[in-house]
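Please look through the sequence and the structure shown here before reading the report that follows.

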Amino acid sequence: MADRRNTQAINITENSDPERYDLGRRQAQCALERYHYLCAAAQEAFTLERARGYRLFVRDVVSFDNYTAYALDPVSAKLHPRPDGTIHPGDIEIYVNSIVKNYKCSEGGIMYAIGDSRTFWNMVINYHSSAGTTGIKAWDRLFRQLKTSGYDKGIVPCMFFATPFGCNDPSCSFLHDKEKCVRAREKILARRRTTLGKPTPRDIAAREKVARKAYEASQRQVVLHKGSTTDGSLSVLGVDDDDDDDIDPELMKIYEDSAKIKAICNNPACLLTKMKRGTGEQGNSFVKMKVCSGCQMATYCSRECQTADWKRHKKEPCRPFKELVEDDSMWDDWGLRVGTGRFSFAK
Ligand SMILES: [Zn+2]
Ligand SMILES: [Zn+2]
Ligand SMILES: [Zn+2]
């Protein structure tokens with residue numbers, strides 16, 4: 001069999017670099033264990049112990065008593081096969097999405113993905129059901145090929161080879177496919193560039209908030225203008241405070257459209273002016289946008305807007321585009337730039 005390892009695999013001996021030797025040894029141990037989980041998954045050499053009781057906290061258990069090639073610890077995860085063993089297609093879609101969007105899964109392949117027990121085992125259960133698929137064609141193919149090849153490690157992508165720290169095990173027998181790794185990395189970066197070309201979920205949320213407030217204010221104006229009241233008490237006059245979704249369909253359309261393009265002022269408060277089309281100095285949308293010199297990405301209609309938005313924008317953060325794309329630490333497991341999700345979670 002041809003040596004699948006490429007030159008990137010470092011030839012190390014115990015004496016050359018103790019730290020690296022130790023890292024390689026631990027990598028090999030980790031990969032070996034995951035390989036056996038993978039084999040057990042492909043062979044269906046596992047049993048499920050369904051949890052009873054309050055489902056929110058109780059976890060199901062996957063046990064491997066039938067798998068004899070290697071001692072595998074049971075795995076606990078929240079599993080939800082339907083009576084025929086299939087997983088709801090909508091759930092499979094979510095799992096697949098979480099794999100596809102996670103750059104670490106692109107780098108580490110299926111052996112990395114095994115670490116997310118809930119995702120992995122639900123997909124495996126679906127594979128062995130009448131549905132017959134994990135949701136990812138390449139995984140289905142790998143499961144079949146594992147069987148026909150006698151569980152050849154050489155067809156399973158090494159989970160460290162494409163990572164920044166590389167595979168440090170000189171005797172690694174998993175697949176080291178350099179071209180494939182380069183292609184995968186390019187795909188990750190391309191996806192990030194597309195993501196950066198669009199407003200962030202937080203941008204959109206900020207715009208929605210402004211649009212909603214503007215609409216509510218305009219509704220109050222209307223009510224006041226009709227002369228029904230002069231003291232500003234509105235509750236009796238039909239402004240429905242309970243309905244948060246009460247929003248001008250025209251505004252709705254504008255911010256839906258604005259979610260698709262970046263050529264709009266980055267200052268969330270500015271959208272307000274744009275929405276009043278035909279009124280005010282910047283009433284129509286044809287303002288020539290200036291681009292932020294920091295990131296070459298955020299666009300502003302004016303210096304005032306840039307100044308007003310700086311406090312928010314610098315935290316996004318504002319950094320050179322290339323840096324944002326290539327710095328892995330800027331990206332979360334959902335393919336979003338860190339800190340730009342719709343909701344922020346306390347750490
Ligand atoms: Zn390797
Ligand atoms: Zn910027
Ligand atoms: Zn503006």
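## The zinc site

Along the chain, the donors of the zinc ion (ligand 2) follow the spacing C-x2-C-x17-H-x4-C. In this predicted model, the protein atoms that fill this pattern are the SG atoms of Cys292, Cys295 and Cys318 together with the NE2 atom of His313, and they lie 2.1 to 2.4 Å from the zinc ion (ligand 2).

The arrangement around the zinc ion (ligand 2) is tetrahedral because its four donor atoms subtend angles of 100 to 119°, and four donors count as tetrahedral if all angles lie between 85 and 135 degrees. For four tetrahedral donors, the ideal angle at a metal is 109.5 degrees.

## Buried and partly exposed residues

Histidine 313 and cysteine 318 are both buried. Cysteine 318 has a relative accessibility of 17% and therefore counts as buried, since the term applies under 20%. Cysteine 181, with a relative accessible area of 24%, is partly exposed.

A search of the whole structure finds zero disulfides. Cysteine 181 is accordingly in no disulfide, and the nearest cysteine sulfur, which belongs to cysteine 158, is 8.4 Å away.

## The chain as a whole

The chain contains 11 helices and five strands, and buried residues make up 40% of its 347 residues. Among the contacts between residues at least 6 apart in sequence, 60% join residues at least 24 apart.

The accessible surface of the chain comes to about 20,100 Å², and 53% of this surface belongs to carbon and sulfur atoms.

Technical notes
Residues numbered from 1 in each chain as written. Chains lettered and ligands numbered in written order. Predicted model: local features only at pLDDT ≥ 70, side-chain atom pairs only at ≥ 80, totals over all residues. Heavy atoms only, no water. Donors = N, O, S within 2.8 Å, 3.2 Å for Na, K, Ca; no water. Tetrahedral: all angles 85-135°; square planar, octahedral: opposite > 155°, others 65-115°. Buried < 20%, exposed > 50% of the residue type's maximum accessible area, 1.4 Å probe, protein only. Helix = DSSP H or I, 4+ residues; strand = E, 2+ residues; numbered from the N terminus. Contact = heavy atoms within 4.5 Å. Areas by Shrake-Rupley, 256 points an atom, 1.4 Å probe, with all protein chains shown as cover. Disulfide = S-S within 2.5 Å.
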